[in-house]
Amino acid sequence: MKTKILLLICVALGCTLSCKESKENKETTETEAVIEEVASTPTCIEKILAEDGTYGKERNHACETISLEETINKYTAQIRSLDYTDCPEAFTKAFLDHITAWDSIVPVTSKYPDLRGEMHDLFDEIEQSADSMEFKERLALIWSTWEAVEAAQK
């Protein structure tokens with residue numbers, strides 16, 4: 001009888017330890033899954049830069065069929081409408097400054113409503129025009145504000 005009781009106690013203890021270990025393994029697995037999900041969830045900055053990349057590719061070719069002015073206005077409206085809520089303040093400020101820099105080039109590009117082609121090719125043409133100096137200054141502002149965006153993302 002003592003042997004049977006001792007055997008039952010050992011089996012019960014074994015089951016208890018086995019269940020506890022199984023529960024701990026399950027909790028560890030669930031915790032690892034949550035950590036992996038958080039790690040793979042893009043940050044606000046990553047989302048903004050990804051969307052800007054998409055809109056930037058569209059922008060570069062939109063002016064093959066519409067004016068540079070329309071192209072830039074569409075692009076800035078798109079990136080201005082992104083959700084910056086969870087982004088760090090420095091990044092948001094830098095990105096909004098970059099949008100403003102794009103806005104500042106429109107008065108020059110609007111002088112060339114009939115130019116069509118890939119955006120960078122059109123920019124090369126305008127750099128050779130009578131508006132070259134003003135255009136280059138505003139283009140330099142776009143590049144310098146982009147550098148600030150890149151610095152703020154780090």
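Trainee: How many aromatic pairs does the structure hold, and what describes a pair of aromatic rings?

Mentor: A pair of aromatic rings is described by the distance of the centres and the angle of the planes. In this predicted model, the structure holds six aromatic pairs. One of them is F91 with F95, whose ring centres lie 5.7 Å apart while the planes make an angle of 40 degrees, so the pair is tilted, given that angles under 30 degrees would count as stacked and those over 60 as edge-to-face.

Trainee: Where do F91 and F95 lie along the chain, and is F91 buried or exposed?

Mentor: Both F91 and F95 belong to helix α4, which spans residues 89–109, and they are four residues apart, about one turn of the helix. F91 is buried, because its relative accessible area is 0%, and F95 likewise counts as buried at 0% relative accessibility, the limit for this class being under 20%.

Trainee: How are the rings of W102 and F123 arranged, and which helices hold these two residues?

Mentor: The ring centres of W102 and F123 are 6.3 Å apart with the planes at 35 degrees, so this pair is also tilted. The pair links distant parts of the chain, since W102 lies in helix α4 and F123 in helix α5 (residues 119–127), 21 residues apart. Both W102 and F123 are buried.

Trainee: Which residues form one aromatic cluster with W102 and F123, and what sits over the ring of Y75?

Mentor: Y75 and F135 join W102 and F123 in one aromatic cluster. Over the ring of Y75 sits the charged end of R59, at 4.5 Å from the ring centre.

Note on methods: Residues numbered from 1 in each chain as written. Predicted model: local features only at pLDDT ≥ 70, side-chain atom pairs only at ≥ 80, totals over all residues. Heavy atoms only, no water. Phe/Tyr/Trp six-rings, centres within 6.5 Å; stacked < 30°, edge-to-face > 60°. Buried < 20%, exposed > 50% of the residue type's maximum accessible area, 1.4 Å probe, protein only. Lys NZ or Arg CZ within 6 Å of the ring centre and 35° of its normal.
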